[in-house]
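This report goes through local features of one chain, then its cores, aromatic pairs and a pocket. The sequence and structure come first.

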Amino acid sequence: MMRVLLAGGGTAGHVNPLLATAQRLRERHPDAELVVLGTREGLERELVPRAELELVTIEKLPFPRRPDVAALRFPARWRRAVREVRALIRDRRFDVVVGFGGYASAPAYRAARLERVPIVIHEANAKPGMANVLGARWTSFVGLSYRATKLEGELVGMPLRPEITGLDRAGVRDAACAELGLDPARPTLLVTGGSQGARSINRAIVAAAADIVDAGWQILHLSGGRQTDFEPASVEHYVAIEYLDRMHLALAAADLVVCRAGSLTVSELMAVGLPAVYVPLPYGNGEQGMNAADQVSAGGALLVDDGEFTAEWVRARLVPLLRDADAIAEMATASAGAGATDGSDRMSDLIERAAATRRQS
């Protein structure tokens, strides 16, 4: 029986690939013991039990970035977290520790190293996080989502949910449009800033909504739950929804997407063959722009700075694109060619290979 400790969490970009990998491992090894290591504050607190997986939590432990009180307390908290994970590894006799980044991964990597248990890493972003940079020093089993990632490893793609990898967009498009209140005869521009929304995207699309509709399109606008000042457009062929938990319906109805460039979003759009206009977050370390690099270089997406994405830009650049059906079709083909749908299988292969080294030692 394979025993696997899967570490990670915090955001959907960490939790969803973890859950997709766990689901695939469970299908391959029905008797496997799968345990998730996370924190009490992250999304894993809700999503892991919902997936019928056991969750063990440790203290949330951010790396200190400045000399302050938290930095002084960090060494003792770090040692305590590592001790807790080492005890868990010994008690449950895990064959392999698999990390997806996030707060729980770094102590898990260190504990596995000290317990001489193989480590497997999945890096979701083109620019690797601190925990995975640390863990990659101790293993050769590193799976990457993007070719541009500056980390030694092999390209496995993003582990994705079956709702995405098995999505027959053409087959369910009419039904998806009917459920979302859209006209199946019109192409659909899907606009989303994620669950929290994106104010700059929302404002530009609302201001230029009439121009988009005049180009023969309709708009499915997922405004986000935290945009309290959002005012939807008052034009025909425009549907505004605050939050949609069945995102596969929106992807089935869409023909082009305007969105941020989070690693999970980019991977899902490439997997289903959807072209995109990416508006990366204007803060952070620039990883969102790097995430989109593969799709942009393949010709399947455009990249525009947040500050440039205005109603004027939409009218001058996006609307002419929407009027060019051949260009949209070419972008869709390029997007499908840049992505992968077997990330869960490739990560499972990597985990199995690592676990085999444990049994051979």
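## Thr57 and strand E3

Thr57 is a residue of strand E3 in what is a predicted model. Its relative accessible area is 27%, so Thr57 is partly exposed, a class that lies between the cut-offs of 20% and 50%. Leaving out residues up to four places away in sequence, Thr57 touches Gly38, Thr39 and Arg40. Thr57 and Arg45 are twelve residues apart along the chain, and their C-alpha atoms are separated by 8.7 Å.

## Two residues with positive phi

Strand E3 (54-57) is preceded by a loop that connects it with helix H2 (44-50), and Glu52 lies in that loop. Phi of Glu52 is positive, near 60°, and the residue is not a glycine. With a relative accessible area of 70%, Glu52 is exposed, since the cut-off for that class is over 50%.

Arg93 also has a positive phi, of about 55°, and is not a glycine. Arg93 sits in the loop between H3 and strand E4 (96-99). Its relative accessible area is 55%, and Arg93 therefore counts as exposed.

## Helix H3: Val85

Val85 belongs to helix H3. Its relative accessibility is 1%, so Val85 counts as buried; the cut-off for buried is under 20%. Apart from neighbours within four places in sequence, the contacts of Val85 are Leu5, Leu37, Ile58, Pro107, Ala108 and Ala111. Val85 and Val56 are 29 residues apart in sequence, with a C-alpha to C-alpha distance of 9.6 Å.

## Aromatic pairs

A pair of aromatic rings is described by the distance of the centres and the angle of the planes. The count for this model comes to two aromatic pairs. In one of them, the ring centres of Phe74 and Trp78 are 6.0 Å apart and the planes are at 25°, so the pair is stacked; planes under 30 degrees apart fall in that class. Phe74 and Trp78 are separated by about one helical turn, because they are four residues apart in helix H3 (residues 69-92). Phe74 counts as buried at 13% relative accessibility, and Trp78 counts as buried at 17%.

Phe309 and Trp313 form a tilted aromatic pair, with 5.6 Å from centre to centre and 45° between the planes. Phe309 has a relative accessible area of 2% and is therefore buried. Trp313 is buried as well, with a relative accessible area of 11%.

## Nonpolar cores

In soluble globular proteins, nonpolar side chains tend to be buried together. Here the largest nonpolar core has 38 residues, and Leu190, Leu220, Leu269 and Tyr278 have the most contacts inside it. At least two residues of this core come from each of helix H7 (169-180), strand E9 (218-222), helix H10 (247-253), strand E11 (256-259), H11 and strand E12 (276-278). Leu190 touches Leu220, Leu222, Met247, Ala250, Leu251, Ala254, Leu256, Val257 and Val258, not counting residues up to four places away in sequence.

A second core, separate from the largest, has 32 residues, including Ile205, Leu256, Phe309 and Ile328. Phe309 thus appears both in this core and in the tilted pair with Trp313. Leu256 of this core is also among the contacts of Leu190.

## Helix H8 and its cover

Which residues of helix H8 (residues 199-207) are buried? They are Ser200, Ile201, Asn202, Ala204 and Ile205. Ile205 is also a member of the 32-residue core. The buried residues of H8 are covered by elements that include strand E8 (188-192), helix H9 (209-214), E9, E11 and helix H14 (311-322). Of these, E9 and E11 also supply residues to the largest nonpolar core.

## The second largest pocket

The volume of the second largest pocket is about 170 Å³. Its lining consists of 15 residues, and those nearest its centre are Ser145, Gly157, Ala338, Gly339 and Ala340. By class, the lining has seven nonpolar, five polar and three charged residues.

Helix H11 (263-272) and helix H15 (325-338) each supply at least two of the lining residues. H11 also supplies at least two residues to the largest nonpolar core, so that helix is listed for both the core and the pocket lining.

Methods
Residues numbered from 1 in each chain as written. Predicted model: local features only at pLDDT ≥ 70, side-chain atom pairs only at ≥ 80, totals over all residues. Heavy atoms only, no water. 1 Å grid on protein atoms, 1.4 Å probe; cavity = no way out; pocket = protein on both sides within 12 Å on 5 of 7 lines; lining within 4 Å. Points joined across faces, edges and corners; volume = space filled by probe spheres on them. Nonpolar A, V, L, I, M, F, W, Y, C, P; charged D, E, K, R; others polar. Core = buried A, V, L, I, M, F, W, Y, C linked by side-chain atoms within 4.5 Å. Buried < 20%, exposed > 50% of the residue type's maximum accessible area, 1.4 Å probe, protein only. Contact = heavy atoms within 4.5 Å. Phe/Tyr/Trp six-rings, centres within 6.5 Å; stacked < 30°, edge-to-face > 60°.
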